[in-house]
Amino acid sequence: MTDLSQFQHPRFARMYERMSAESERRGTAMYRDRALAGLTGRVVEVGAGNGMNFSHYPNTVTEVVAVEPEDHLRGLAERAAAEAPVPVRVLAGHALALPVEDDGFDAAVASLVLCSISDTSAALAEIRRVLKPDGELRFFEHVRSEKPWFGLLQDAFTPIQARAAGGCHPNRDTAAAIRAAGFDIEELDRVYYAPLRFYPRHAHILGRARPR
């Protein structure tokens, strides 16, 4: 098995377990529904965390292969998989070397994870590798603000958040990264909300893209 020691953040993982439940109540659940609506066939989910997406998959999905490197979160995801409305298989692994076959999936899901991956372009290249030629990427991510002053604030805060929150970089231009990785974005919505009480309202994007 790939060494996953560098991906372990046990303190943050336990904190995230509590934070994600609050975030669901404050609007994230609705956006998960939107991001996953209409999916069909086999899906690979990159960085599945504690499995919060699993209950939102439509019954047209035949299988979800969920990849998660962090031990505590993966254990929670395995519990969530047992109660999911669609078949879910949880694997130990990371986004830079997905432990799945080439051209094997109708869709890939990246949900609140591309902010924390050390090499976004490499992770997106892996997603392209495992997607079928006509497959699609569904994404839901928090991103850098279009407001210059708030973007600068995010830039200043990012080193602190990255250390405290499992590598999270809230100032990334994820849509640009997706395009640069060889995807055409077919649908893109930008929404603003505050998923946590102590965190300001900020930008998220959700949409779909296909390999060129």
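Start with the empty space: there is one cavity of 30 Å³ or more in this predicted model (a cavity is a set of points on a 1 Å grid over the protein atoms alone where a 1.4 Å probe fits but cannot get out; its volume is the space filled by probe spheres set on the points, which are joined across faces, edges and corners). Local features here need pLDDT of at least 70 and side-chain atom pairs 80 or more, while totals for chains, interfaces and linings use all residues. Numbering runs from 1 along each chain, and side-chain values use heavy atoms, without hydrogens or water.

Select Arg-32, Ala-35, Leu-36, Asn-53, Val-109, Ala-110, Ser-111, Arg-138, Phe-139 and Phe-140: they line the largest cavity (each has an atom within 4 Å of a point). About 30 Å³ of space lies inside that cavity. Colour the lining by type and you get six nonpolar, two polar and two charged residues.

Next, pick Val-100, Leu-124, Ile-127, Leu-137, Phe-139, Ile-178 and Phe-183, the residues with the most contacts inside the largest nonpolar core, which has 30 residues (such a core joins buried Ala, Val, Leu, Ile, Met, Phe, Trp, Tyr and Cys through side-chain atoms within 4.5 Å; buried means under 20% relative accessible area with a 1.4 Å probe, protein chains only). Among the elements giving two or more residues to this core are strand E5 (131–142) and helix H3 (120–130) (DSSP runs, at least two residues for a strand and four for a helix). H3 gives the most, with four residues.

Now centre on Leu-137. Beyond its neighbours within four places in sequence, Leu-137 is in contact with residues including Ala-108, Leu-124, Phe-183 and Ala-209 (heavy atoms within 4.5 Å).

Last stop: Phe-54, Val-64, Ala-81 and Val-90 belong to a second, separate core of 17 residues.

Methods. Buried < 20%, exposed > 50% of the residue type's maximum accessible area, 1.4 Å probe, protein only. 1 Å grid on protein atoms, 1.4 Å probe; cavity = no way out; pocket = protein on both sides within 12 Å on 5 of 7 lines; lining within 4 Å. Nonpolar A, V, L, I, M, F, W, Y, C, P; charged D, E, K, R; others polar.
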